[in-house]
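Visitor: I have a protein model open and would like to go through it. Can we start with the overall picture?

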Amino acid sequence: MLSIEHFYLLLALFLLYAGGRNLRERRFAHAAFWGLLAVLFASGKPILDASKLGNALPSQLAGAAVIALALLATRMRREHIAEAPEAQRLASAQRLGHRLFWPALLIPAVTVLIVLFGPTLAIGGTKLFGAGSITLIGLALACVLATIVAVLVTRERPVAALGEGRRLLDTMGWAALLPLVLATLGGVFAASGVGEAVASLVSAVIPSDSRVACVLAYGLGMVLFTVIMGNAFAAFPVMTAGIGLPLLIQQHGAAPAILGSLGMLTGYCGTLMTPMAANFNLVPAALLELDDPNAVIRAQLPTAIPLLVVNLLLMYWLAFR
């Protein structure tokens, strides 16, 4: 039976490999960062089990490790990591052609299939996939399968996948953790009552009996919080708990599934417009060696703004049908 913990352990092994490579190259801050992160991924389930038994020490140590990661991030510097010569990469791309896209396209395809059919799969009466988010399990398994297919298509050694993965990881640096950390921040905000504070503030400012005003407050709030925090996952629990649930769903009768999906998509418009989404907007500019670090954001604005308007219109039209 596959569970998400199996893939967390696999990810921990890869992070240990990245840390070991950095240690050999005397990049000590990078080595400590990835090594400590590997320990956190590998020890997640034991920490949760200990917390359920009333032992708070493992959770406290994990919190201290997160603080240590933040301190180590300030010491990490982006340096050039050797890769295959440009002529060799160009020749490989011409030889493989469109087959290069097969592994990337395999990831969403396998993920969707597992989400749709995974819960019913069983071997000898035992379910193939364990408890937890079937979407995360499907995505993790899809990535593993895509890696295997990439090795077969390119006819490279498996160690090449580890080396290239490590190179990309070090190129992104600490920004690779931003989606995870910002999503956690959204959960912390929701648990600490920020959503209720937003709800009371919005109710005092806008006419809560106006459906249009509530839709605008929810959609624009998703964009604003995403711009501030850099990730729609962080903004979603705050704005949904503060505006979406009490005002739009409970008071005006909006369809939760439609409102939630369009709310997330509206938040992504903010992702396109903020440097806080460093792994989306700043890291690509650095990888492409662009003179303007905000060039990616400038190129995305003509898409983000019209998409925001369309999402708001769809939210008002579809969520209340």
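Visitor: How much of the protein counts as buried?
Guide: Of its 321 residues, 36% count as buried. Keep in mind that this is a predicted model.

Visitor: And how many helices and strands are there?
Guide: The protein has 16 helices and two strands. Its C-alpha trace spans about 60 × 50 × 45 Å along the principal axes.

Visitor: What share of the contacts with a separation of 6 or more comes from residues 24 or more positions apart?
Guide: Such pairs account for 72% of those contacts.

Visitor: Surface next. What area does the protein expose, and how much of that do carbon and sulfur supply?
Guide: About 18200 Å² is exposed, and carbon and sulfur atoms supply 71% of that area.

Visitor: Charges? How far apart are the mean positions of the positive and negative ones?
Guide: They are 6 Å apart, taking 20 positive and 14 negative charges.

Visitor: Now helix α12. What is the distance between its end C-alpha atoms?
Guide: Those atoms are only 24 Å apart, although α12 covers residues 232-251. A straight helix of 20 residues would reach 28 Å at 1.5 Å a residue.

Visitor: Where is the kink in it centred?
Guide: On Thr 240, with a bend of about 55°. Thr 240 is also buried.

Visitor: Which other residues of α12 are buried?
Guide: Among them are Val 238 and Met 239, just before Thr 240, and Gly 242, Ile 243 and Gly 244 after it. Towards the end of the helix, Leu 247, Leu 248 and Ile 249 are buried too.

Visitor: What about Gly 253, just after α12?
Guide: Gly 253 takes a positive phi of about 75°.

Note on methods:
Residues numbered from 1 in each chain as written. Predicted model: local features only at pLDDT ≥ 70, side-chain atom pairs only at ≥ 80, totals over all residues. Heavy atoms only, no water. Helix = DSSP H or I, 4+ residues; strand = E, 2+ residues; numbered from the N terminus. Buried < 20%, exposed > 50% of the residue type's maximum accessible area, 1.4 Å probe, protein only. Contact = heavy atoms within 4.5 Å. Areas by Shrake-Rupley, 256 points an atom, 1.4 Å probe, with all protein chains shown as cover. Lys, Arg positive; Asp, Glu negative; His and termini not counted. Charge placed at Lys NZ, Arg CZ, Asp CG, Glu CD. Expected span 1.5 Å × (residues − 1). Bend = angle between axes of the 7 residues up to and from the residue.
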